[in-house]
Each structure stands twice: as C-alpha cells, then as structure tokens.
Amino acid sequence: MIYEMRIYRTVPGRLPALLQRFEKVTLELWKKHGIRQAGFWTTAIGDSNQALYYLLQWESLADRERKWNAFQADPEWHTKRAETEKSGAIVARVENSILQPTSFSSVK
C-alpha cells in the first residue's frame with residue numbers, strides 16, 4: 001500500500017469553494033473511479049489557513065496511474081470543475097508526494 005499526500009494551496013479567500021467542490025463533486029467522481037481517500041485536513045494553527053491537505057490510498061503506482069488518469073480524463077470532471085470556477089480560479093498551486101509507510105508505521 002502506498003499513499004499520496006496532496007496539498008492544494010488556494011487563491012486567497014477561495015478555500016470554502018474548494019471544500020465545497022470536494023464535498024459535492026470530487027468525492028462522488030472518485031467513488032466512480034475507485035479512488036480511496038485516507039483523510040482531509042485544513043490548518044487550524046500554522047502558516048496558512050488557505051490550504052487543503054489530503055491523503056489518497058493506492059495499491060501500487062500502477063493502480064494510481066490507472067485510476068488517476070481515468071479520473072483526470074473524465075468529461076464529467078472537466079464540466080463540473082469548470083462550473084465551480086465560474087467565479088474565478090480556486091487552486092493556485094498543487095503539491096503532491098508519494099509516501100511509503102515505514103516498517104514501524106501504524107499505517108501499512
């Protein structure tokens with residue numbers, strides 16, 4: 001099992017729009033494509049309160065590539081993402097890392 005940590009840095013003031021898009025649009029599309037989330041977080045105390053952090057769970061890099069590419073190519077995702085951005089861009093920058101649990105991790 002591997003995990004992908006993704007950090008979405010939003011355009012100032014647009015974090016609520018991003019959260020709504022995940023809750024109302026993205027999660028349903030991920031379900032359609034078999035993408036499993038392992039958690040979502042926002043910053044309560046820290047440098048910036050304009051970011052969304054989340055983890056995705058994958059069986060392998062091949063599993064990630066197949067499912068993520070299918071999601072990214074889904075016309076429904078393109079349409080709904082465009083609808084959520086009618087008032088302007090939401091995400092300023094995306095960071096991602098593929099993580100492997102250590103032998104002593106409680107998460108395997």
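**A guided view of the chain**

Read from the N terminus, the elements of the chain follow the order β-α-β-β-α-α-β. The model is a predicted one, and the chain contains three helices and four strands.

The overall dimensions come next. The C-alpha trace spans about 45 × 35 × 20 Å along its principal axes. For a chain of 108 residues, a compact globule would have a radius of gyration near 13 Å, and the 15 Å found for this chain agrees with that expectation. Contacts over long sequence distances are prominent in the count: among contacts with a separation of 6 or more, 73% join residues that are 24 or more positions apart.

The surface and the interior may be considered together. Of the 108 residues, 31% count as buried. The chain exposes about 6,800 Å², and carbon and sulfur atoms supply 53% of that area. As for charge, the chain carries 16 positive and 12 negative charges, and the mean positions of these two sets are 1 Å apart.

Strand β1, which covers residues 2-10, is a useful place from which to follow the fold. Seven of its nine residues are buried, so the strand is largely enclosed by the rest of the structure. The cut-off behind this statement is a relative accessible area under 20%.

Which strands pair with β1? One partner is β3, residues 51-58, which pairs with β1 in the antiparallel sense over eight bridges. Within this pairing, R9 has A51 of β3 as its bridge partner. Another partner is β4, residues 91-99, which also runs antiparallel to β1 and is joined to it by eight bridges. Here I7 stands opposite E95 in β4. Strand β1 thus has bridges to β3 and to β4. In reading these pairings, it helps to recall that the side chains of a regular strand alternate between the two faces of the sheet.

The path can be followed beyond β4 to S103, which lies in the segment after that strand. Is S103 buried or exposed? Its relative accessible area is 71%, and S103 is therefore exposed, since the term applies to values over 50%. The separation between S103 and Y3 can be stated in two ways: the two residues are 100 residues apart in sequence, and their C-alpha atoms are 14 Å apart in space.

Technical notes:
Residues are numbered from 1 along each chain as its sequence is written. This is a predicted model: local features need pLDDT of at least 70, side-chain atom pairs count only at pLDDT 80 or more; totals for chains, interfaces and linings use all residues. Side-chain values use heavy atoms; hydrogens and water are left out. Helices (H or I, at least four residues) and strands (E, at least two) are DSSP runs, numbered from the N terminus. The radius of gyration is taken over C-alpha atoms; the globule rule is 2.2 Å times the number of residues to the power 0.38. Buried means under 20% relative accessible area, exposed over 50%, partly exposed in between (1.4 Å probe, protein chains only). Contact means heavy atoms within 4.5 Å. Accessible areas come from the Shrake-Rupley method with a 1.4 Å probe; for residues, only the protein chains shown count as cover. Lys and Arg count as positive and Asp and Glu as negative; His and the chain ends are not counted. The place of a charge is taken as NZ of Lys, CZ of Arg, CG of Asp or CD of Glu. Two strands pair if DSSP finds at least two bridges between them.
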